[in-house]
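These are my notebook entries on the pockets and the ligand. I set down each look-up in the order in which I made it.

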Amino acid sequence: MTKDRLIKDVFRLMLKNRRISGEHQYTVPSPYTYPFQWLWDSCFNAIILSHLNIEDAKKELLSLVFHQFENGMIPHIIYWDREQPTDFPVIEWGREHTSTITQPPMLAYVAFNIYQKDQDKSFIKQIYTSLKNYYNFLLIDRDPRKIHLPGIINPDESGEDNSSRFDFALGLGPKHTLEENLQKRLDLVSKDLSCNFETVTCMSNFFWIADVPFNAILIENLEMLSKLAREIGKFSDADYFLHQREEIVVSMGKWMFEDGIFWSVFGQDPQKIKIKTWHIFAPLFAGLYTKTQARDLVSKYLKGKDFKTKFIVPSVATDESSYDPEGFWRGPIWMAVNWFVYKGLKKYKFDEMAKQVYKSSLNLIEKSGFREYYHPQTGQGLGARDFTWGGLVLDMYE
Ligand code: GLC
């Protein structure tokens with residue numbers, strides 16, 4: 001597929017999924033399955049839009065922060081208009097217009113990327129306080145143990161709703177249905193409602209995981225936030241966020257690293273969850289592995305048999321008992337995962353491997369279009385249609 005063709009197809013998709021609500025503009029992940037605004041999806045959408053029209057990318061981020069909570073949290077779903085035909089479950093979040101949980105914090109990274117393209121300081125000034133409050137919420141509220149390892153209160157906060165990483169914490173075995181998994185997560189939301197989504201109670205009683213991708217993403221974003229702060233003259237903020245970044249880096253090494261891999265941890269007294277999912281590659285995105293560790297990781301796992309499928313990168317290693325090539329976050333390929341892995345590989349200058357990830361992504365789009373996820377052996381498109389994440393290939397185009 002030529003770059004021109006790809007740009008045209010992505011542009012058409014982004015326009016199809018664009019929604020306007022009063023002064024706000026945002027992009028839905030998929031018109032029927034996900035007809036609302038999602039947090040990390042909008043960050044991906046802004047990355048895609050930054051290749052098409054930089055002002056649209058800014059609008060996407062600004063619409064996200066409009067519904068920020070007083071405590072700084074940015075919700076993972078915004079229901080600008082609830083009356084949409086959809087099969088997405090009706091969930092009681094205790095709020096009318098938003099959910100009450102968050103998603104991986106990609107905002108600062110995207111804002112910095114936008115800034116790099118047009119040096120528009122007024123946009124950064126406009127969004128900076130929201131960003132600062134959001135990252136502070138994660139650094140303070142979500143780290144009640146004060147061990148510099150922010151946690152998530154529900155699997156959906158990871159963006160990988162039913163990933164095998166969360167089975168144990170939900171009291172599920174490696175094989176169960178998507179409905180059983182969803183029921184557990186909905187039960188969790190009801191329990192969290194009963195304690196008002198207040199972090200300490202919710203985490204200590206119901207679900208407390210410090211997740212690898214979430215923290216790796218946070219680390220990379222704190223660096224970008226620090227750069228943004230410096231650009232607009234907020235030097236003490238810049239130092240503060242860099243310091244916080246460093247604290248989490250150290251803490252991830254202390255609590256999560258074993259046998260050459262970072263593992264998510266569970267519980268108040270953090271225990272490693274040794275399930276191999278794509279998350280083992282997420283720390284490449286933040287440069288957390290040493291060069292040697294990264295080389296070993298890539299040759300043993302990404303090039304080795306565990307993650308070797310016809311199309312890459314499967315979301316769960318094929319030798320895990322939970323692996324299911326059609327099982328939502330339990331095996332299929334997701335474009336955002338490929339994008340994170342691609343960026344991580346580029347960071348370490350593993351250009352050849354990065355190219356393979358990019359090519360596989362492009363092949364999937366050529367073969368099956370813009371779908372939510374893909375079968376790693378057949379490349380068949382699965383889940384939602386007209387799903388925007390495939391547009392991230394524009395950001396990998398070589
Ligand atoms: C699914 C995905 C989640 C995404 C949402 C909207 O729930 O697991 O990551 O944000 O759909 O696309």
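Entry 1. How far does a polar side-chain atom of W40 lie from an oxygen atom of the ligand? I worked on a predicted model and found a separation of 3.0 Å for W40. I then looked for further polar contacts to ligand oxygen atoms. Q103 places a polar side-chain atom 2.9 Å from an oxygen atom of the ligand. For W329, I read 2.8 Å between a polar side-chain atom and a ligand oxygen. I next checked the cover of the ligand: alone, the ligand exposes 310 Å², and the protein buries 97% of that area.

Entry 2. I listed the residues around the ligand. The aromatic names I noted include Y34, W38, W40, W329, F387 and W389. The list also holds P29, D41, Q103, G159 and D161. By class, this shell divides into seven nonpolar, two polar and two charged residues.

Entry 3. Which pocket does the ligand take up? I found that the ligand occupies the space of the largest pocket. I recorded a volume of about 640 Å³ for the largest pocket. Its lining comprises 33 residues, and Y34, F88, D161, F328 and E372 are the closest to the centre. I noted that Y34 and D161 also stand in the list of residues around the ligand.

Entry 4. I asked which elements supply the lining of the largest pocket. The helices α2 (39-49) and α7 (178-194) each give at least two residues, as do the strands β10 (371-374) and β11 (381-385). Helix α7 contributes the most, with six residues. I sorted the lining residues of the largest pocket by class and obtained 20 nonpolar, six polar and seven charged.

Entry 5. I turned to the second largest pocket. How much space lies in the second largest pocket? I recorded about 290 Å³. Its lining is made up of 18 residues. Nearest the centre of the second largest pocket I found N71, T100, N196, F197 and E198. Helices α5 (121-141) and α8 (199-205) each supply at least two of the lining residues. By class, I entered eight nonpolar, five polar and five charged residues for the lining of the second largest pocket.

Entry 6. I close with a short record of the ligand site. The ligand sits in the largest pocket, with 97% of its area buried by the protein. Its oxygen atoms have polar side-chain atoms of W40 at 3.0 Å, of Q103 at 2.9 Å and of W329 at 2.8 Å.

How values were computed
Residues numbered from 1 in each chain as written. Predicted model: local features only at pLDDT ≥ 70, side-chain atom pairs only at ≥ 80, totals over all residues. Heavy atoms only, no water. 1 Å grid on protein atoms, 1.4 Å probe; cavity = no way out; pocket = protein on both sides within 12 Å on 5 of 7 lines; lining within 4 Å. Points joined across faces, edges and corners; volume = space filled by probe spheres on them. Helix = DSSP H or I, 4+ residues; strand = E, 2+ residues; numbered from the N terminus. Nonpolar A, V, L, I, M, F, W, Y, C, P; charged D, E, K, R; others polar. Near = heavy atom within 4 Å. Polar contact = N/O pair within 3.5 Å; in protein donor to acceptor, adjacent residues only side chain to side chain. Areas by Shrake-Rupley, 256 points an atom, 1.4 Å probe, with all protein chains shown as cover. Sits in = over half its atoms within 2 Å of the grid points.
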